[in-house]
Amino acid sequence: MTVTAPPRPRLAWQAYADWFGTARRASDNPSDRHNDKMTTEERVDNPLRAGMRSQRTPEPNTLVIFGASGDLTQRKLVPALYDLALEGLLPGGFSVVGMARRPKSHSEFRSEMKDAVARHSRTKPLQPSAWDAFAANLHYCSAQFTDPEGYAQLASMLEKIESETGCRNRLYYLATPPNYYSEITGRLGEAGLASSDDCWTRIIVEKPFGHDLASAAELNRTLLGVFAEDQIYRIDHYLGKDTVQNILVFRFANGIFEPIWNRRYIDHVQITVAESLGVEGRGGYYEQAGVIRDIIQNHVMQLLSLAAMEPPATFEPDAVRDEKVKVLRAVRPIPPEEAQDSTVRGQYGSGVISGRKVVGYREEERVAKDSAAETYLALKLLIDNWRWAGVPFYIRSGKSLPKRVTEIAIIFRQPPLSLFPSTDGSRIDPNVLSIIIQPDEGISLKFGSKVPGPQAALRIRPVEMDFRYGTSFGVAAPDAYERLLLDAMLGDATLFTRRDEVEAAWAFITPIVEGWAKAQPPRYPNYEAGTWGPDEADEFIERDGRKWRRL
């Protein structure tokens, strides 16, 4: 008897170029979905693409969205699914079941989703015929998340849908408040909906994943009591952004940069996640989370691990995630007693942003008048390994700052001998490599160049070489949720966080929060909306003889 191994999941990194329209649409014939279209010459010319397939359609499956009446479903999930359908990337037999507490019919649910897609899809205007075909597979189940009868109703609906499609693959998406995660997971297990013998079952869990190390570990235990680790997809939408994924392509597919990506050539790294908006109606959440839980614990730690990780042996999901975990475990801890001196917290007051007056944080809805929640945080991280020993990583993130920008800036060491001092005697600016995540995705390299002219003394001025995604590729990058939903259906977990990765990030963050709880908070507000944070943040980095980048 001949045993044929199942095809390996398409890796997220292998799909990188496909998103720009270079690959054909996947065939609707299941026998063609796994055909390898690469030529021998292509394998030789680009070994990283060896084994890469043309765009591959997932197996037929049903996506169950818990919290289908919520903002995430309407703004992100269903519009992303519609755009995937337009790209020909969803399989025949794909269905969506939205589950929420509000009573409504299938047709009412479809009408709401049509309005949501018309507003939030990246493909405009709405194409009526495409929408009709997509909407025919949208269903709605009204039930309380705590009611066992609701899960029996869901099981009956799934059986009816699957009897028509002939496939029992299921993907659950927890788009609910975090307090329902454990409840829904347990109910799925009790109802026998967590596994099947001949098909796959997976679950996507949205952030926030716990609020400290203990709660994250407890949630992991709850999930693993019902699902296996390879069924669990903990999602961070930042990892679905093309520019974030390009960090690894940039580092490991270009021989010019990797040899200098270490302590010998890099002076320090700055990671900035800045928002020009305030909390925008999320005051109740921010009172509990603050910027350290909302941004630092997840988004920033992901950017840090991708920028600092060692090259994986292969671009397999676990090989990539193994290296990310090693970075997080190598970050030097900040004990509670040092948290106050090792960080700078801020909270915005009223001010002006882009000519518009904005209120202070304490004037936002559902925010206490004496709130101690931080809306800005600056800190310095040290990674204790051979590549990064002694290289500080400066982190800053905040709300109501002058502009929206996320970037990783690599600041290189100065030349050992200054042959070309400036006219005032100071050294020229260091070389800076900036990876811009949003809003204008791209990469910029700053270096010194001679100013034209016959001057006796050379004048050096910093210049930049810029790469921008929109200009270079001529198409808009897909929404992050498109990539992540597709990868979950394909069984590729590369862009999803693993249990040990989540807990390693919380192991660093939790002692800082504990230290803050024992200390007197700063006098808030301590920065004006529309500025780059409190003055103490500038003093914090200037103590080391460095400055924040002007963005």
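Is serine 400 buried or exposed? Keep that in mind as you open this predicted model; the tour comes back to serine 400 near the end.

**The whole chain**

Start with the full protein chain in cartoon view. Its secondary structure comes to 15 helices and 18 strands. Of its 551 residues, 52% count as buried. Switch on a surface next: the accessible area is about 24900 Å², and carbon and sulfur atoms account for 51% of that. If you like contact maps, take the contacts between residues at least 6 apart in sequence: 78% of them join residues at least 24 apart.

**Into the core**

Now select phenylalanine 66 and Tyr173. The largest nonpolar core has 146 residues, and these two touch the most other members. Colour helix α9 (residues 283–308) as well, since twelve residues of this core, its largest share, come from there. As background, nonpolar side chains in soluble globular proteins tend to be buried together.

Stay on phenylalanine 66 and show its surroundings. Leaving aside residues up to four places away in sequence, its contacts include Met99, Leu154, Tyr173, Ile184 and Leu188. Phe145, Tyr151 and Tyr172 are also among the residues that phenylalanine 66 touches.

**An aromatic cluster**

Show the rings of Phe66, Phe145, Tyr151, Tyr172 and Tyr180: together they form one aromatic cluster. The structure holds 18 aromatic pairs. Begin with phenylalanine 66 and phenylalanine 145, whose ring centres are 6.2 Å apart with the planes at 70°, so this pair is edge-to-face. The pair links distant parts of the chain, 79 residues apart: phenylalanine 66 is in strand β1 (residues 62–66), while phenylalanine 145 is in the loop between β3 (138–142) and α5 (148–165). Both residues are buried.

From phenylalanine 145, step across to tyrosine 180. Here the ring centres are 5.2 Å apart and the planes stand at 75°, so this pair is edge-to-face too. Tyrosine 180 is in the loop between β4 (170–174) and α6 (181–190), 35 residues from phenylalanine 145. Phenylalanine 145 and tyrosine 180 are both buried.

**Charges over rings**

Next, select tryptophan 200 and arginine 202. The arginine lies over the face of the tryptophan, 3.9 Å from the ring centre. Then move to tyrosine 238 and lysine 241: the charged end of the lysine sits over the tyrosine ring, 5.4 Å from its centre.

**Two buried polar residues**

Go to asparagine 61, in the loop between α1 (40–45) and β1. With a relative accessible area of 1%, asparagine 61 is buried. Draw a distance from its C-alpha to that of threonine 201 and you should read 9.2 Å, although the two are 140 residues apart in sequence. Among the residues that asparagine 61 touches are Pro91, Phe94, Asn169, Trp200 and Met489.

Glutamine 74 is the next stop, in helix α2 (residues 71–86). Its relative accessible area is 19%, and because the cut-off for buried is under 20%, glutamine 74 counts as buried. Its contacts include Glu112, Met113, Arg119 and His120.

**Strands and a cis proline**

Select strands β15 (residues 432–438) and β16 (residues 442–450). They pair in the antiparallel sense over five bridges and form a hairpin with three residues between them. To check the register, find valine 432, whose bridge partner in β16 is lysine 446. On the loop between β15 and β16, pick proline 439. A cis peptide bond joins glutamine 438 to proline 439, with omega about 0°.

Add β17 (residues 460–468) to the view: β16 pairs with β17 in the antiparallel sense over nine bridges. Glycine 442 has arginine 468 as its bridge partner in β17.

Another cis peptide bond runs from tyrosine 524 to proline 525, with omega near -10°. Proline 525 lies in the loop between α14 (499–518) and β18 (527–528).

**Two serines with positive phi**

Finish with serine 354 and serine 400. Serine 354 is in the loop between β10 (351–353) and β11 (356–358), with a positive phi of about 55° although it is not a glycine. At 73% relative accessibility, serine 354 counts as exposed.

Serine 400 is in the loop between β13 (392–398) and β14 (405–412). Phi of serine 400 is positive too, near 55°. And here is the reply to the opening question: at 2% relative accessibility, serine 400 counts as buried.

How values were computed
Residues numbered from 1 in each chain as written. Predicted model: local features only at pLDDT ≥ 70, side-chain atom pairs only at ≥ 80, totals over all residues. Heavy atoms only, no water. Phe/Tyr/Trp six-rings, centres within 6.5 Å; stacked < 30°, edge-to-face > 60°. Helix = DSSP H or I, 4+ residues; strand = E, 2+ residues; numbered from the N terminus. Buried < 20%, exposed > 50% of the residue type's maximum accessible area, 1.4 Å probe, protein only. Lys NZ or Arg CZ within 6 Å of the ring centre and 35° of its normal. Contact = heavy atoms within 4.5 Å. Areas by Shrake-Rupley, 256 points an atom, 1.4 Å probe, with all protein chains shown as cover. Core = buried A, V, L, I, M, F, W, Y, C linked by side-chain atoms within 4.5 Å. Pairing = 2+ DSSP bridges.
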